[in-house]
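Grab your viewer and work through these short exercises with the coordinates loaded. Each one sets a task and then walks through a solution.

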Amino acid sequence: MIFTAYADGWLQSPVRLMRCAFGTAGVVPGGAKREGDGATPAGLWALRRLLWREDRAEPPRTRLPMRRLEPDDGWCDAPGDLAYNRPVRLPYGASAEALWRDDRLYDLLVVLGYNDDPVVAGAGSAIFLHLARPDFGPTQGCVALGAADLLHVLELARPGDSLRVDAAARRRQA
C-alpha cells in the first residue's frame, strides 16, 4: 500500500484524507535534498519501522516492526561520520538529534527509507513520519500528522508499504 502526501499539505490513505505538515523549505525533489536545508524530499520512501514512547502511550496497533524509544536514542546527522543517517546512542561523539523529546512530536515516530540504502553523505538525514505540532507548523524536513491520523496510518500499514511524497498539489475530485 502507498500513502501519498501532497505538497499542498494533504496525505491520502486508501480511506481518509488527512492534513499534514512538511519542512520549513517545503517539498523538493529527492535528489535536491541537502543536510540541514529544512526541505522534505519528494519520492517514494518505505515505512521501515515504528519507534514509540512507552511512557506516554500504549503500543499502537500496527504490523510494522516496532520498538520502544529509550532516553538515550539519537540519530546521527553529521555527514562526515560513519553513522550518518543511522540510529546512535547519546551522548554521541558527532552531531546527533535526540529522539527522546519533551514536545511529544516523536512519541510516535516512523523511520522512512530515505537516504538509507545506500547512505549518501550530506543528502539528508532523520526523515521521519511523526506527530504534528498543534498548529501544523513546519518540520525540519519530515512529514507530520495529527495523532488520530498517524494512528490510522499505523493501523493500515504493513511491512513493504511506502509513503510517497509528491511535489505537486493534490488534484481535487470533481
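**Exercise 1. Classify R89, then find its charged partner.**

Step 1: R89 has 43% relative accessibility, so it counts as partly exposed. The bracket for that class runs from 20% to 50%. Keep in mind that this is a predicted model.

Step 2: Look for a carboxylate. R89 pairs with D73 in a salt bridge, and the closest N and O atoms are 2.2 Å apart. The two residues come from distant parts of the chain: D73 sits in strand 7 (residues 73-76) and R89 in strand 8 (residues 87-89), 16 residues apart.

Step 3: Now check D73 itself. Its relative accessibility is 2%, so D73 is buried, as the cut-off for that class is under 20%.

**Exercise 2. Extend the pair into a network. Which residues are linked by salt bridges around D73?**

Step 1: Recall the principle: side chains of opposite charge can pair when their charged atoms come close.

Step 2: Search around D73 again. Its side chain also meets that of R67 in a salt bridge, at 3.2 Å from N to O. R67 is partly exposed, with a relative accessible area of 33%.

Step 3: Put it together. R67, D72, D73 and R89 form a linked network of salt bridges.

Step 4: Zoom out. The whole structure holds 14 salt bridges. One of them joins the side chains of R101 and E97, at 3.5 Å from N to O.

**Exercise 3. Work out the surroundings of N85. Is N85 buried or exposed?**

Step 1: Locate the residue. N85 is in the loop between strand 7 and strand 8.

Step 2: Check the accessibility. At 4%, N85 counts as buried.

Step 3: Look for polar partners of the side chain. There's a polar contact with the side chain of W75 at 2.9 Å. A polar atom of the N85 side chain also lies 2.7 Å from the backbone oxygen of N115.

Step 4: List the other neighbours. Leaving out residues up to four places away in sequence, N85 touches several residues, including C76, Y114, D116 and V119.

**Exercise 4. Describe the setting of L11.**

Step 1: L11 belongs to strand 2 (residues 10-12), and its relative accessible area of 1% makes it buried.

Step 2: Collect its contacts beyond four places in sequence. Among them are F3, L17, M18, V143, L145, V153 and L163.

Step 3: Try a long-range check. The C-alpha atoms of L11 and R170 are separated by 8.8 Å, while the residues are 159 apart along the chain.

How values were computed: Residues numbered from 1 in each chain as written. Predicted model: local features only at pLDDT ≥ 70, side-chain atom pairs only at ≥ 80, totals over all residues. Heavy atoms only, no water. Helix = DSSP H or I, 4+ residues; strand = E, 2+ residues; numbered from the N terminus. Buried < 20%, exposed > 50% of the residue type's maximum accessible area, 1.4 Å probe, protein only. Contact = heavy atoms within 4.5 Å. Salt bridge = Lys/Arg side-chain N within 4 Å of Asp/Glu carboxyl O. Polar contact = N/O pair within 3.5 Å; in protein donor to acceptor, adjacent residues only side chain to side chain.
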